[in-house]
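Trainee: Could we go through this structure together? I would like to begin with the charged side chains.
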Amino acid sequence: MRRSSTALPDVVLLCVAAVVLAAARIMGGQQPTGEPFTTAITRLKDGLFVIPGYDGAATGGNVAVRVTSEGIIIVDSKIPQLYDDIVAKVKSVSPQPIRYVLNTHQHGDHTGSNARFLPHADILMHRNARANMIAERLAGPGRIVYNDQQSVFLGNAEVQMRHLGRGHTNGDSVVYFPDLKTIHTGDLVVWGKRSQGTALTPFMDYTAGHGSGKEWVGTLDKILALDFDTAIPGHGPILTREQVRQFRDRMQAMNDRVAAHIKGGGTKGDLERRVKLDDLGWPTAPVGLDGLFDELSAAAR
Ligand SMILES: [Zn+2]
């Protein structure tokens with residue numbers, strides 16, 4: 001984790017930590033172990049801040065905050081309980097209004113505060129993400145959608161949304177800040193641990209999200225074709241391009257191992273017992289591994 005370069009008093013950071021711990025307790029999670037966790041708004045580059053998120057429940061996903069002279073664009077909106085927290089943290093770095101909310105996908109830990117933003121901000125997402133929100137009856141679906149690529153121009157900034165293929169869901173957006181060589185990947189990349197202490201593993205949403213563990217690697221290849229040096233994952237610490245490449249290679253290794261399991265006559269029932277991913281940093285099987293089994297079995301036929 002990077003610490004904010006704008007010096008915040010220690011007491012503020014302590015309060016933030018206390019809120020996170022209280023929230024984790026309320027959500028039934030354990031206290032963070034081992035790693036430094038802060039949810040203080042952190043300056044990443046000129047005009048770009050991050051409100052960190054490490055899990056689905058207590059802290060939600062990472063929120064990117066792009067500050068311009070004509071207003072603010074944020075990426076993702078965490079969970080409903082953190083709306084006021086997001087607004088207060090943005091206000092602590094800029095008096096500009098939040099004018100656009102860009103969602104990386106439909107899940108509630110990335111769109112949870114949408115309904116509160118909708119009366120005074122435009123919400124943008126991929127067409128499939130909107131359809132998924134409506135199918136799941138999630139509050140605050142975006143009013144503006146796109147198919148392949150769109151941009152928001154505000155102040156001196158351009159912020160691009162790109163749909164580069166299926167992966168975590170069928171409506172994932174990679175948000176690209178070209179002038180800052182930075183991307184927000186949504187949950188196409190996750191890294192490190194949840195604030196509850198468990199390892200973050202890729203989630204292949206085969207049900208509500210129509211995701212694809214098989215196509216995910218190709219989508220990551222397209223991400224790596226973008227010109228960036230810094231990546232904000234869906235959850236976890238700020239990453240380098242090299243770490244995104246490492247994540248891509250782990251997804252490939254997972255695909256290769258499940259494919260080898262199928263080729264060797266392995267069944268879905270013994271998948272989790274026989275396909276080990278501990279060395280990839282995923283000690284518990286990623287959610288959706290059985291879906292990947294089905295997908296690769298169908299492809300092998
Ligand atoms: Zn998600």
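Mentor: Let us start with Arg245 and Asp249, which form a salt bridge with their closest N and O atoms 2.6 Å apart. A salt bridge here is a side-chain nitrogen of Lys or Arg within 4 Å of a carboxyl oxygen of Asp or Glu. This is a predicted model, in which local features need pLDDT of at least 70 and side-chain atom pairs count only at pLDDT 80 or more, while totals for chains, interfaces and linings use all residues. Residues are numbered from 1 along each chain as its sequence is written, and side-chain values use heavy atoms, with hydrogens and water left out.

Trainee: How many residues apart are Arg245 and Asp249 in helix α7?
Mentor: They are four residues apart, which means a separation of about one helical turn. Helices are DSSP runs of H or I with at least four residues, strands are runs of E with at least two, and both are numbered from the N terminus.

Trainee: Is Arg245 buried or exposed?
Mentor: Arg245 is partly exposed at 34% relative accessibility, and Asp249 is partly exposed at 32%. Buried means under 20% relative accessible area, exposed over 50%, and partly exposed in between, with a 1.4 Å probe and protein chains only.

Trainee: Which salt bridge does Asp270 form?
Mentor: Asp270 pairs with Arg274 at 3.2 Å, N to O. Asp270 is buried at 12% relative accessibility, whereas Arg274 is partly exposed at 46%. Elsewhere, salt bridges that share partners join Asp221, Glu242, Arg245, Arg248 and Asp249 into one network.

Trainee: How many salt bridges are there in the whole structure?
Mentor: The search finds 15. One of them joins the side chains of Asp229 and Lys45, at 2.7 Å from N to O. That pair links distant parts of the chain, 184 residues apart: Asp229 lies in the loop between α6 and β12 (230-235), and Lys45 in strand β1 (residues 42-45).

Trainee: Changing topic, what is notable about the phi of Lys78?
Mentor: Its phi is positive, about 50 degrees, although Lys78 is not a glycine. Most residues other than glycine have a negative phi. Lys78 sits in the loop between β4 (71-75) and α2 (83-91) and is buried, with a relative accessible area of 2%.

Trainee: And where is Lys181?
Mentor: Lys181 is in the loop between β10 (174-177) and β11 (182-190). Lys181 also has a positive phi of about 50 degrees without being a glycine, but is partly exposed at 34% relative accessibility.
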